[in-house]
Structure formats: structure tokens, C-alpha cells
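Me: I should like to go through this protein by question and answer. Please show the sequence and the structure.

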Amino acid sequence: MMTIRTRNTLRSALAALLLAVAAPLLAHEGEMGHVPEDGSTVQGTPEEIGIHFDGAMRITQFDVIGPRGRVSLEDQPGNDPTEEYHVRPAGDLEPGRYEVRWRGLARDGHMMSGTFRFTVED
């Protein structure tokens, strides 16, 4: 026959095990890095602008906003999940501050979004 203390110890161990197993299932994909790096200053137009994730993400929006508004990009997000999304500006970027705004759909169905910034110098 189990004592109350043994039963409580087993319940605690089972709860800890369930939390350890469930935590990765509840995690969303997260940002792993940006190109250019968030807060960085680059000389001239960057060859590519992008973001890396630690899991597959379907990018639904990727906008670059500069001193004169939205920047034209060579590509637009597709429907395929990806761990990396990179685009090239359609033309040269003038000096100034730029903000990248993105949205994506994680594998678990959660909508994710974020921003990062960089500065372009001559």
C-alpha cells in the first residue's frame, strides 16, 4: 500500500515529466537572426534583407519601410514554410533609417510578427 508521501512524490514527478514533454510542443518558432543585424549600420544598399527562424514559418508579410516609405522588393512572400526568408531591394536604398516589419504563421497556427531596424550610410 502506498503512503500519502509516496503518492505525492509520484504525482509531483509525473507533473514535472508532463511539463518537460509539453513545453517543446507549446513553443513557437522564434527569430534567430536578421540580415542586416538589428540596429546595425551598413554602407550602401545591402545585398539582401532577411530573417532566420528556429523552425519553419510561412511568411505572410515582409515590408521594408525607409525614409521615403515602403521599399520595392524583388520578391514577395510565398506559401511555403521556410526557416529563412531573404529578399533583395529592387533598387538602391538611399541613406537613412529602415524598419523591416514581418508577419508569419508558425507551424502550430499562431500568428507571429516582429520588426528590426538598420541604417544605410553612403
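Me: How much area does the protein expose, and what share do carbon and sulfur atoms supply?

Reply: This is a predicted model, in which local features need pLDDT of at least 70 and side-chain atom pairs pLDDT 80 or more, while totals for chains, interfaces and linings use all residues. Residues are numbered from 1 along each chain as its sequence is written, and side-chain values use heavy atoms, without hydrogens and water. By the Shrake-Rupley method with a 1.4 Å probe, the protein exposes about 8,200 Å², and the share from carbon and sulfur atoms is 51%.

Me: Which pattern does the protein follow along the sequence?

Reply: Helices (H or I, at least four residues) and strands (E, at least two) are DSSP runs numbered from the N terminus. The protein has one helix and seven strands. Read along the sequence, the pattern is α-β-β-β-β-β-β-β.

Me: Is Asp63 buried or exposed?

Reply: Asp63 lies in strand β3, residues 49-66. Buried means under 20% relative accessible area, exposed over 50%, and partly exposed in between (1.4 Å probe, protein chains only). Because its relative accessibility is 13%, Asp63 counts as buried.

Me: What separates the C-alpha atoms of Val35 and Gly50?

Reply: Val35 belongs to strand β1, residues 31-35. Leaving aside neighbours within four places in sequence, Val35 has contacts (heavy atoms within 4.5 Å) with residues including Gly50, His86 and Phe116. Val35 and Gly50 are 15 residues apart along the chain, and their C-alpha atoms are separated by 4.9 Å.
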